[in-house]
Amino acid sequence: MLSKITVSPSPHISKAYSTRGIMLDVIIALVPAMVMACWYFRAPAIILIVTCAVSCAATEWLCNLIRRKPDSVNDLSAVVTGIILALSLPPNLPAWVAVIGSAFAIAIGKMVFGGLGANVFNPAMASRAFLTASFGMLMTTWTVPATIDATMPVLSPAGADAITQATPLNWSKQAIKGKADAAVVNEQLMATVTGSVGGCLGETSAIALLLGGAYLLFRRTISFHIPVAVLVSAFVFAAIWYFADPTAYVSPILHITGGGMLMCALFIATDPVTAPLPVKGMWIFGIGVGMLVVLIRIVGEYPEGVMYAVLIMNALTPLIDRFCKLVPAGGKTHG
Amino acid sequence: MHPPENKLTEDSQIQQMPNPKLVSVLLGQHIGAVCSSMVQKKDKVQFGQQIGQAEGFVSAPVHSPVDGVVRDIALQSHPVLGREMAVIIDVDAESSIKPLPNGQFTADFDETAFSDKQIRDAVRQAGIVGMGGAGFPTQVKLEPNPQTPKEVLIINGCECEPFITGDYRMMMEWTYQVIAGIKLACRGAGCPTVRIGIEENKPEAIARMAELLKQCSGAGNMEVVPLKTKYPQGGERQLIKAVWGKQVPTGGIPPMIGVVVLNVATCAAIADAVVNNAPLTHRVVTVTGGAIANPGNYYVPIGTSVQDLIDHCGGLTENAAKVVMGGPMMGLAIADLSTPITKASGAITFLTEETITKAKYERRQTACIRCGRCLTVCPEHLNATRIAHAVKSDLLDVAQNYHMTACIECGCCSYICPANIELTGYIKTGKILLARAKKRMPK
C-alpha cells in the first residue's frame, strides 16, 4: 500500500540524462583528439592530459571543501575543463606549470564566480591567458611531433628555428611579414588535417576534432549554430585577405584546419555556460568569435587568436543575451 | 518533444464503474465562480438533480451523479484549488446507475432538430465544462461574439499526454455520439467549418472518425486532420496553429481569432446533454500507470474518490509512489486519496518509485549550465531558465519581462532539463506570486 505519497510540481517524468551525461559526451568526443595528441607527442602529451584533468578535479574538490558546498567533482565538468586546457597547451610545457594553470582555471576561472554555470569566462581559456601572461616563453615553444623528422626542410621556414617556430600559424605570421612564402605554408594543409605539425597538443589534428564534433552534433550535445557560425565567418573573413594578396596571406582553409580554430568552434565556443542562450545570440557570438580569431591572427601581434577571441565574446555574452531576447510565439504583448 | 507514450490502456474498452458508497461533488470544478449549494444536510437527492447553482456568467452548475442523502456540505481536497466546498452524498444501495451509451446515435443524427439557442441552454444547464483538463465552462465558448465571427470549431483529439487514452477510446467506441456532439456544438456556436485534430500515433482513430464522418449526413464541412505526434500537440494554442495555421496572441484566447476548441469528451457530453437532457454527472477516466493493478478506462461518477477507484482497479502495487490527477506531464500530484474526480479529471496516473526517481545522483537539482534545451523545447518560445531564475530571486518584474504569464505549463522544460531544475514549478509559483501581488488572488 501507499505509505508515503510524493507530491511535486508537474511534470512527473523526466528525460533520463544529466549534466554529468553531457560532460561525459564531451569527454568521449575529445577522445580522438587525445589519442592523436598522444600519438604525435608521446609521453609529454599523456602526462599533460592526466595532470590537467586530475588537478582540475582536485581543485574543484578543494574549493567545494573551502566553500562548504556539496562535492561537484562527480559532474565531470572539471575534468572536461582539464582536458580542454591540456589540449590547448604546448606539448613541452612542464607539468608543474600545467598544475598551476589547472588550479587557476577552476579556482579563479570558475569557483570564484559561484561554480558550475556561473562563470563568465571559459575557464580553460581564462587559464590559458593567465599562463600565456605568466609563462610567455614556455607557452610559445613548440616541439614538432615525434612522428616526423624535425630537420625536414619544409618545416624550417626562412631563418626560423625548426624547434621553436614550427606551427603553421607561426609560418603564416612570417609570411605576412614577408619572411616566408604563403604558398609554401599552404602546402602544409594535409599535415594540419592529419595533425602531423607542431602546435598545441590537441589542436593539430583537424580530422580527430571533426570526428569528435560530429559525435557531439549527432548526440545533440551541442547545436550546430555556433560551430557553423565560427567556421563560416572565419573562412569568409580570412578569404578576404587571401584573395587580396595570396602571397602574403595563407589560404582560408589553412585558417580553419590550422591552429585552434576547430577546437574552438566545436569544443570551446560551444561551452554553454559562457555562450548566449537564444539561437540568434549563438549566431552573433559565433560570427564574432570567427572574425576576431582571424583578425588577431592576421592583424594582431599573436599568431593565434582563439583564446582572446573567445574571452572577448564571453564578456559580451550577457549583452548579446539581452539584445536577443526571445519573442513569445504569440507576439510581444501580454495581458 | 516526444516523452514515452506509455498508452497502457489503449485497447481497454470503456467499462462502467459501479457507484461508490460515498461521493463528494465539488462545488468548484471549473474555471470561474464557485457554485453555491442548493441542498442541505440530510436532504435526499436524486440522480441528475442539480445540487450546485452556477454563480455568474463564467460558471457551471453541478449535479448529483447518484441517488442518496446529503451527509454534509464541507471542505474537501481539490486537485487544483487545494480545498474547496463539496456536497458529500451517502449513496443509496439501490441508487440508479448511469449506463454506458447504448448506441442511440447513428449516422443519420440530425442536429437541425435543435436550435442554436436550445443547444447552448442545454449545455449550460447540464453544467458542461472543458473536459480536457482546464474545465472552462463550455457554453461561454459557444456564445456568439458579434465582434469576431467564429471561423472554425476545432475538436481536440490529440491526447498528447503520455498514458491517457480516454479520448481515444471514446473516438473508437462512441464515435457516433462524439460526431453528434460535434455537430451540435458546431450548430450551437455557429461555426461554418469543423476540423478534428488527431495525432498520427492513433491511426485507427483517424481512420474510424474519417470513415464514419463520410457516412454521416450533413458532415460536409467536417474534416479529420492528422497531426504530427509531438508533445504538446494537444495544447490549445499549439493545436490551433497546427490545424488552422493561426497563432493565438500572447495573453489572448482563441475567440479573439474566431476559433472554438472543444475536447472529444466534451463533445460526447454535449450530445448526451442536448438529446437526453442528461447533466454532466459521469465521465471517462483513464486509470493508469505502472503502480495500479488493473489499469483501464472507466465511466466514473463525478465525485468518486481516488481511493474508490484504486479499490475498484485492484489496488496499488508495492512500489507506488505518486498519484497524479491527469497525465504525467501536466497532471497535479495529490496528497489525499479522498480527493474526488472532477469534471476536468480525464485520468489518474499512479507512478512507481522507479518512474519518478532517476539515478540517485541525478535526483539532486544541480546548477543550470545554460545548455538551452529548455529554450529549444518550449512551444511558446520562452526562456524558461531566465524566468525560473528570476522567480527564484523574487524578481517578478524581470520574470514578466520574459513573458512569464505566456507559459502554458506544459512541462517540457522541466522534462528535458539535465540539471533537474523544476523550471515549470518555478514558473507556476511565479504566476501565483504575481497574481497575489496584483491582488487577484487572496493570500
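How many residues does the hairpin use to join S7(B) to S8(B)? Three residues do the job. This is a predicted model, and the views below visit parts of it one by one.

**View 1. The hairpin of chain B and its two strands.** Welcome to strands S7 (residues 68-78) and S8 (residues 82-91) of chain B, which pair in the antiparallel sense over 10 bridges. To find your place in the pairing, look for B:Leu75, which stands opposite B:Met85 in S8(B). The link from S7(B) to S8(B) is a hairpin through three residues.

**View 2. Strand S4 of chain B beside S7(B).** Here strand S7(B) has another neighbour, strand S4 (residues 44-45) of chain B, and two bridges join them. S4(B) and S7(B) run antiparallel. One pair to pick out is B:Val45 with its bridge partner in S7(B), B:Gly68.

**View 3. An open sheet of six strands in chain B.** Follow the strands across in the order S1-S14-S13-S17-S15-S16, and you will have walked over the whole open sheet. Its pairing is mixed. At the edges are strand S1 (14-16) and strand S16 (332-333), each of which pairs on one side only. Within the sheet, S13 (residues 282-288) and S17 (residues 347-352) run parallel and are joined by three bridges. A handy landmark is B:Thr286, which stands opposite B:Ala347 in S17(B).

**View 4. A helix lying across the sheet.** Now add helix H3 (residues 166-173) of chain B to the picture. This helix lies across S1, S13, S14 (296-301) and S17 of chain B. Relative to S13(B), H3(B) runs at about 120 degrees.

**View 5. B:Pro20 and its surroundings.** The loop between S1 and strand S2 (22-26) of chain B is home to B:Pro20. Is B:Pro20 buried or exposed? B:Pro20 counts as buried because it has 21 C-beta neighbours inside 10 Å, and 20 are enough for that label. Leaving aside residues up to four places away in sequence, B:Pro20 touches B:Val91, B:Thr304, B:Ser305 and B:Asp308. B:Glu5 is 15 residues from B:Pro20 along the chain, and their C-alpha atoms are separated by 31 Å.

**View 6. Two packed helices in chain A.** Over in chain A, helix H1 (residues 19-41) and helix H2 (residues 43-67) pack with their axes 6 Å apart, at an angle of about 140 degrees. That angle makes H1(A) oblique to H2(A). On the H1(A) side, the contact is made by A:Met34, A:Ala37, A:Cys38 and A:Phe41, while H2(A) supplies A:Pro44, A:Ala45, A:Ile46 and A:Ile49. Sorted by class, this contact has eight nonpolar residues, no polar and no charged ones.

**View 7. Helix H2 of chain A from end to end.** H2(A) has 25 residues and reaches 36 Å from its first C-alpha to its last, close to the 36 Å expected at 1.5 Å a residue. Its buried residues include A:Leu48, A:Cys52, A:Cys56 and A:Glu60. Among the elements covering the buried residues of H2(A) are H1, helix H3 (77-87) and helix H4 (95-108) of chain A. Just after H2(A) comes A:Arg68, with a positive phi near 55 degrees.

**View 8. Where chains A and B meet.** Finally, bring both chains into the frame: the contact takes 40 residues from chain A and 53 residues from chain B. The side of chain A that touches chain B has 20 nonpolar, 16 polar and four charged residues.

Notes:
Residues are numbered from 1 along each chain as its sequence is written. Chains are lettered from A and ligands numbered from 1 in the order in which they are written. This is a predicted model: local features need pLDDT of at least 70, side-chain atom pairs count only at pLDDT 80 or more; totals for chains, interfaces and linings use all residues. Two strands pair if DSSP finds at least two bridges between them. Helices (H or I, at least four residues) and strands (E, at least two) are DSSP runs, numbered from the N terminus. Two residues are in contact if their C-beta atoms, placed from the backbone, lie within 7 Å. Axes are lines fitted to C-alpha atoms, for helices over the stretch in contact, and angles run from 0 to 180 degrees between N-to-C directions. Angles under 35 degrees count as roughly parallel, over 145 as roughly antiparallel, 65 to 115 as roughly perpendicular and the rest as oblique. Ala, Val, Leu, Ile, Met, Phe, Trp, Tyr, Cys and Pro count as nonpolar, Asp, Glu, Lys and Arg as charged, and the others, Gly among them, as polar. The expected span of a helix is 1.5 Å times one less than its number of residues. A residue is buried if 20 or more other C-beta atoms lie within 10 Å of its own, exposed if 12 or fewer, and partly exposed in between; C-beta atoms are placed from the backbone.
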